[in-house]
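Student: Please take a close look at the side-chain contacts of this structure, with attention to the charged and aromatic residues. I should like one connected account of which residues meet and where they lie.

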Amino acid sequence: MITGIFLLPSCKKSFLDVPSPSPLPSNDPQVAQDEVTALYSSLIYIDAGGGWSFDTHGISFIAATNIMSDDADKGSTTADQPGINDLDNFTENSGNAFVGALWNGYYVGIARANNALAALATAQLDNATIKRLTGEVRFIRGYYYFNLVRFFGGVPIVTYVPDGPRAANADTTLASRASAADVYNNVIIPDLTYAMNNLPLKNAAVVGRITKGAAETMLAKVNMYLQNWQQVDSLTTDVMNSAQYSLVSDYSSIWKAEGDNNAESIFEIETAEFNGTDGGIPLYSESQGPRNLGGNWNNPSFTYDPTGDLGWGFCTPTQNLVNAYEPGDVRKAATIITCNLLAPNGNADTLWDGFIIPVGTQSQYYNYKAYHSEKDEPFFQNRDRKEKNVHILRYAEVLLMKAEAATHLGGDVMTPLNMVRARAGLPPAGTADINAVWKERRVELAMEHDRFFDLVRQGRVAQVMQASGKTFTSNKNELLPIPSTQIQLSGGRIKQNPGYN
């Protein structure tokens, strides 16, 4: 396990990837720079062999966040990808390939972070650059562990590069689960705190890189999960007072290429062209596109195969989510593609770029936030890797965390809450209680990979999921199963989560 996961070298495949030098460490400054770049690339794509066996933000991430929640169903056809169907219905087991891909992907990313930190420790770079790059690395490592804890609970803590398999195997902590509290206290919070204290504010010179505001916002989010409300209030206040961020006026623009790295963006997964082809997260956009349709752009100069699909039809918004929006909420139309399943030919749906979806899609609703225009946005004919940035942290979430903290501390709930509502075209909220904040959070961040995690931390996931008709089991389905291969490779030192075999 140590050799296969923790010491895995970086691979040159995605647009950010560069060869990983060996052996490590080296005092060549380019070695450290390349290791940091390779770590950034792990946010997009990890080519470590085995097809979908390594994932951080692709189809496995989509399945274990959006599809597992009451915001989305699996979609596609019944027989397509039964492993995702199991996640949707909470019938997954420890052999689920998509669960295994998440574990593998995040630990490969953590290995890259540890490689980068080892290289930075001896790099001949000025102190300011070392601190900045170390801050970026520790942010990503802290973020990866935050996701691992939310997916699996306590996990093995690996914060260094073992000196070969023999030394690694001698350290039994590498193949044993730490408690979730230990992961928060010994990795996540220290890593994000270091990043917060050593990274620059957002500016034109650091577009696409991790910043102080990203670290503060992620640390506020971590503290929200730990219910440290005073810390949430303090950190969100600092981000708001930095004057680096604001709500953009057009909510729908956030999900287009024009909205990448805009005034609202705090942390997003950056994608771009690589060697003349698309370098996006594999299948992120295509897997969520409308399926079994013909269509065309209302543009005679653009040729499109009318027999093709826009995508695979996964992650379809639920009727429950559709009903959650208030009348007049502009976010609904920006979040959900609504197809006319039974409309006569000619009465079709037209997307923002002029693409016409005629009758015949498998589902009525699709995720508009995952849509990428092949006509009006960068596209080099590789649908599997469309250049679609994924927004992980936005200023709207800062305002909603500020409002949620205020419900616990007795502060001003209405001001930040109503800033979010005003942008959505809605009147001020009628109440300032926690349910109003949770409701706003759901529709503001719908299909952005937070809903299931939110329900778990709010203590109402069983109630909500069972009401949605899913077979959710309390004290089991809050977490994913530990992959059986990892338990076997650890010699049984890694123990399974309750209720799984």
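Tutor: A charge is taken to sit over a ring if NZ of Lys or CZ of Arg is within 6 Å of the ring centre and within 35 degrees of the ring normal. In this predicted model, Lys-476 meets that description, lying over the face of Tyr-500 at 4.9 Å from the ring centre. Arg-457 provides another case: its charged end sits over the ring of Tyr-225, 5.6 Å from the centre of that ring.

Rings also meet rings, and the structure holds 18 aromatic pairs. One of them joins Tyr-106 and Tyr-144, whose ring centres are 5.1 Å apart; their planes stand at 70°, so the pair is edge-to-face, the cut-off for that class being over 60 degrees. Tyr-106 belongs to helix H5 (residues 97-122) and Tyr-144 to helix H6 (residues 127-152), so this pair ties together parts that are 38 residues apart in sequence. Both Tyr-106 and Tyr-144 are buried.

Helix H6 also contributes Tyr-143, which pairs with Phe-267 in strand E2 (residues 265-269); the parts tied together here are 124 residues apart in sequence. The ring centres of Tyr-143 and Phe-267 are 5.6 Å apart and the planes lie at 85°, so this pair, too, is edge-to-face. Tyr-143 counts as buried because its relative accessibility is 2%, and Phe-267 counts as buried at 5%; the cut-off for burial is under 20%. These four residues, Tyr-106, Tyr-143, Tyr-144 and Phe-267, belong to one aromatic cluster, whose members also include Phe-61, Trp-103, Phe-139 and Phe-453.

Turning to paired charges, a search of the whole structure finds 32 salt bridges. Helix H6 appears again here: Arg-138 forms a salt bridge with Asp-191, at 2.7 Å from N to O. Asp-191 lies in helix H8 (residues 180-198) and Arg-138 in helix H6, so that distant parts of the chain, 53 residues apart, are linked. Asp-191 and Arg-138 are both buried.

A salt bridge also joins Arg-331 to Glu-440, with the closest N and O atoms 2.4 Å apart. This pair links helix H12 (residues 330-335), which holds Arg-331, with helix H15 (residues 434-444), which holds Glu-440, across 109 residues. Arg-331 and Glu-440 are both buried.

In the salt bridge between Lys-369 and Glu-448, the closest N and O atoms are 2.7 Å apart. Both partners are in loops: Lys-369 is between strand E10 (365-367) and strand E11 (390-394), and Glu-448 is between H15 and helix H16 (451-457), 79 residues apart. Lys-369 counts as buried at 6% relative accessibility, as does Glu-448 at 10%. Arg-331, Glu-440, Lys-369 and Glu-448 are part of one network of salt bridges, which also includes Glu-264, Asp-329, Arg-394 and Lys-439.

Lastly, the cysteines. A disulfide is a covalent bond between the sulfur atoms of two cysteines. The structure holds 0 disulfides. Cys-315 is buried, with a relative accessible area of 0%, and Cys-339 counts as buried at 2%.

Technical notes
Residues numbered from 1 in each chain as written. Predicted model: local features only at pLDDT ≥ 70, side-chain atom pairs only at ≥ 80, totals over all residues. Heavy atoms only, no water. Phe/Tyr/Trp six-rings, centres within 6.5 Å; stacked < 30°, edge-to-face > 60°. Helix = DSSP H or I, 4+ residues; strand = E, 2+ residues; numbered from the N terminus. Buried < 20%, exposed > 50% of the residue type's maximum accessible area, 1.4 Å probe, protein only. Disulfide = S-S within 2.5 Å. Salt bridge = Lys/Arg side-chain N within 4 Å of Asp/Glu carboxyl O.
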